[in-house]
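Here's a quick walk through one model, written for someone who'd rather be at the bench. Have the 3D view open while you read.

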Amino acid sequence: MTSCGTPDFWRLYHALSPEAKTAARKAYQKFRQNPGHPSLHVERLEFDRRAWAVRITLNYRAVALREGAS
């Protein structure tokens, strides 16, 4: 699996608090090891079936687009 952040992602990531950045890094490592890990609460979004939301903390989620998915 290959993943990359968009320019908007990185702009928003750099604006996060240090605590939120740490949580995001931990969630990403967990995602890399097991994309279906229960603590990530991965959900397919209704408005765009290519998009998935992943829990970072109770207040933050990341959205991922799967290329080539329909």
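What follows is a short tour of the aromatic residues, the sheet, the main pocket and two histidines.

Keep in mind that this is a predicted model.

**The aromatic corner**

How many aromatic pairs does a search of the whole structure find? The answer is three. Take F9 and W10 to begin with: their ring centres lie 4.9 Å apart and the planes meet at 80 degrees, so this pair is edge-to-face. W10 also pairs with Y13, again edge-to-face, with 5.5 Å from centre to centre and 80 degrees between the planes. Both labels follow because planes over 60 degrees apart count as edge-to-face. W10 and Y13 sit three residues apart in helix 1 (residues 7-14), so about one helical turn separates them. Put together, ring pairs tie F9, W10 and Y13 into a cluster.

Is Y13 buried or exposed? Y13 is buried, because its relative accessible area is 12% and the limit for buried is under 20%. The other two members of the cluster come out as partly exposed: F9 has a relative accessibility of 37%, and W10 has 40%.

Y13 has another partner too. The charged end of K21 sits over the Y13 ring, 5.8 Å from the ring's centre.

**The sheet**

Next up is the sheet, an open one with three strands in the order 1-2-3 and antiparallel pairing. Which strands are at the edges? They are strand 1 (43-44) and strand 3 (61-65), each of which pairs on one side only. As a reminder, strands of a sheet pair through backbone hydrogen bonds, either parallel or antiparallel.

Strand 1 is joined to strand 2 (residues 51-55) by two bridges, and these strands run antiparallel. The chain gets from strand 1 to strand 2 by a hairpin of six residues. Between strand 2 and strand 3, also antiparallel, there are five bridges, and the hairpin here goes through five residues.

If you want to trace the bridges on screen, here are some partners to click on.

| Residue | Partner | Strand of the partner |
|---|---|---|
| R44 | W52 | strand 2 |
| E43 | A53 | strand 2 |
| A53 | V63 | strand 3 |
| R55 | R61 | strand 3 |

A53 is a handy landmark in that list. A53 is the bridge partner of E43, and A53 also has V63 as its bridge partner in strand 3. Over at R55, the residue standing opposite in strand 3 is R61, another arginine.

**The largest pocket**

How big is the largest pocket? Its volume is about 1400 Å³. There are 32 residues in the lining, and the closest to the centre of the pocket are C4, F9, A62, V63 and A64. Two of those names have come up already: F9 belongs to the aromatic cluster, and V63 is the bridge partner of A53.

Where does the lining come from? Helix 1, helix 2 (18-33), strand 2 and strand 3 each supply at least two of its residues. Helix 2 gives the most, with seven residues. As for chemistry, the lining divides into 22 nonpolar residues, six polar and four charged.

**Two histidines in a loop**

The last stop is the loop between helix 2 and strand 1, where you'll find H37 and also H41. H37 counts as partly exposed because its relative accessibility is 28%. Its C-alpha atom lies 9.7 Å from the C-alpha atom of A27, and the two residues are 10 apart along the chain.

H41 is partly exposed as well, at 35% relative accessibility. What catches the eye at H41 is the backbone: its phi is positive, about 45 degrees, although H41 is not a glycine. For background, most residues other than glycine have a negative phi.

Terms used:
Residues numbered from 1 in each chain as written. Predicted model: local features only at pLDDT ≥ 70, side-chain atom pairs only at ≥ 80, totals over all residues. Heavy atoms only, no water. Phe/Tyr/Trp six-rings, centres within 6.5 Å; stacked < 30°, edge-to-face > 60°. Buried < 20%, exposed > 50% of the residue type's maximum accessible area, 1.4 Å probe, protein only. Helix = DSSP H or I, 4+ residues; strand = E, 2+ residues; numbered from the N terminus. Lys NZ or Arg CZ within 6 Å of the ring centre and 35° of its normal. Pairing = 2+ DSSP bridges. 1 Å grid on protein atoms, 1.4 Å probe; cavity = no way out; pocket = protein on both sides within 12 Å on 5 of 7 lines; lining within 4 Å. Points joined across faces, edges and corners; volume = space filled by probe spheres on them. Nonpolar A, V, L, I, M, F, W, Y, C, P; charged D, E, K, R; others polar.
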